[in-house]
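Student: Can we go through this one together? I'd like to begin with the ligand and then turn to the domains.

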Amino acid sequence: MQADLRYFSGTGNSYKIISTCNDIFQQNGWTTTLASVTDDAELRGEADLIGFCFPVYAFGIPRICRKYLEALPHFKTRIKTFVLITAGDPDESGFCVKESRSILQRKGLNLTFSEVIHMPSNWTVAMDPPAKEASQLIIEHGVSKAVGVANDLIRGVSRHHRFNYPPRYNKFTFYKDYYLFKWLGVTYLWNSFRVDETCDSCTLCAQLCPTGSIVMEDDKPRWSHSCEQCMRCVNYCPKQAIYQKEGGSIKGRNSYHEPSFKPLKHMKQRT
Ligand SMILES: Cc1cc2nc3c(=O)[nH]c(=O)nc-3n(C[C@H](O)[C@H](O)[C@H](O)COP(=O)(O)O)c2cc1C
C-alpha cells in the first residue's frame, strides 16, 4: 500500500501529526511520501491513500494550503483521501474541513476521513501560548490521537469531523473573524510585523521562513506579501523581538514551537 502525505507547518504541530501517521503507515509495511506543500513534490495519482495536514488560521485553512489544493490536477481515480487539522482550540477549527473537502471533491478525490487534533496554539502575536509543561501534555495527547487516526486509516475506517460554531462566538462574530482574516488579514497583516530594539540582526527569521517572505534590509528583517503569518519567525526569534503592530510587544509571553521541529532541515534550499 502507498500513502502520499502533504502538510504545511509553521511551528511544527502539523508536521508532528502527519509524521506520526507516516511512521505508523511505514511500521505497517506501507510505502509513503511525506512533503511540505512548499516543496515541489508532485502528487501522482498512484497512491492508495492521500493525506493532508494543515493548521487552522482564523477558522480557515492557510491561504498557501488553499492555493496548493486548488492547483492539484484532476485525479482520474477516486483515491481515498484524509484531512487532519491541527488547532490551538479543538472547538475553533471552523471551516477548515469544509473548505478542504469542497476543493478535494472538485479534484475527483474521495475524502473519507477528517479529524481535528488539538495542539498548542502558536498565535503568539494574538494570545499567550500555553506554558512549556502544559504544551507538552497537549502534544502528547495530540500524538496519541494521531496514532489512533493512522490505525483507523489502515483499517479503512471512514469518519468525519462535524462542524460546530465555536462556543464563544455567534454566527455574526464567527463570519466576521473568518472573512476579516481571509480577505484582509492575510493580504495586509504581513505589513504590520515589526522588530524592537533587541533585534540583533541574526537573520534566523529570514533563514527559517517557509515561504521566503523575509529579507534583510539595513540589517533588519522586512516581510513581504507572500507571508502566511505562520508565526515561525515570531516563535523562533531568540530575543522575542518580532511582534505585530496591532498586538504590541510579545515580551513576557510564552513562545511556542513543537520542540522536536527543526525547520532548517526540512527547508528547501533557496537561491
Ligand atoms: C494566524 C493564525 C491564526 C490562528 N487561528 C486559529 C483559530 O482560528 N483556531 C484555532 O483553534 N487555532 C488557531 N491558530 C493556532 C494554530 O492553528 C495551531 O497552533 C496550529 O497547531 C499550528 O500548527 P503548525 O505548528 O503546524 O503551524 C492560529 C494560528 C495562527 C498563526
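Tutor: Fine. This is a predicted model. In it, 24 residues surround the ligand, and the closest are G10, N13, S14, P55 and G88.

Student: Which elements give two or more residues to that shell?

Tutor: Those are α1 (13-27) and β4 (80-87).

Student: And how does the shell around the ligand split by class?

Tutor: The shell has 12 polar residues, 10 nonpolar ones and 2 charged ones.

Student: Ok, domains now. What does the assignment give?

Tutor: The domain assignment of the protein gives domain 1, residues 2-154, and domain 2, residues 191-262. The shell around the ligand takes at least three residues from each of these domains.

Student: What separation do the domain centres have?

Tutor: Taken over C-alpha atoms, the centres of domain 1 and domain 2 are 24 Å apart.

Student: How many residues are in contact between domain 1 and domain 2?

Tutor: On the domain 1 side there are 22, in contact with 19 residues of domain 2.

Student: Which helices supply at least two residues on the domain 1 side?

Tutor: Three elements do so: α1, α2 (63-70) and α4 (132-154). The largest share comes from α1, with 3 residues.

Student: So α1 turns up again?

Tutor: Yes. α1 gives two or more residues to the ligand shell, and α1 also supplies residues to the side of domain 1 that touches domain 2.

Student: Last one: what classes make up that side of domain 1?

Tutor: The side of domain 1 that touches domain 2 has 11 nonpolar, 8 polar and 3 charged residues.

Definitions and conventions: Residues are numbered from 1 along each chain as its sequence is written. This is a predicted model: local features need pLDDT of at least 70, side-chain atom pairs count only at pLDDT 80 or more; totals for chains, interfaces and linings use all residues. A residue is near a molecule or strand if its C-beta atom, placed from the backbone, lies within 6 Å of it. Helices (H or I, at least four residues) and strands (E, at least two) are DSSP runs, numbered from the N terminus. Ala, Val, Leu, Ile, Met, Phe, Trp, Tyr, Cys and Pro count as nonpolar, Asp, Glu, Lys and Arg as charged, and the others, Gly among them, as polar. Domain bounds come from an automatic or database domain assignment. Two residues are in contact if their C-beta atoms, placed from the backbone, lie within 7 Å.
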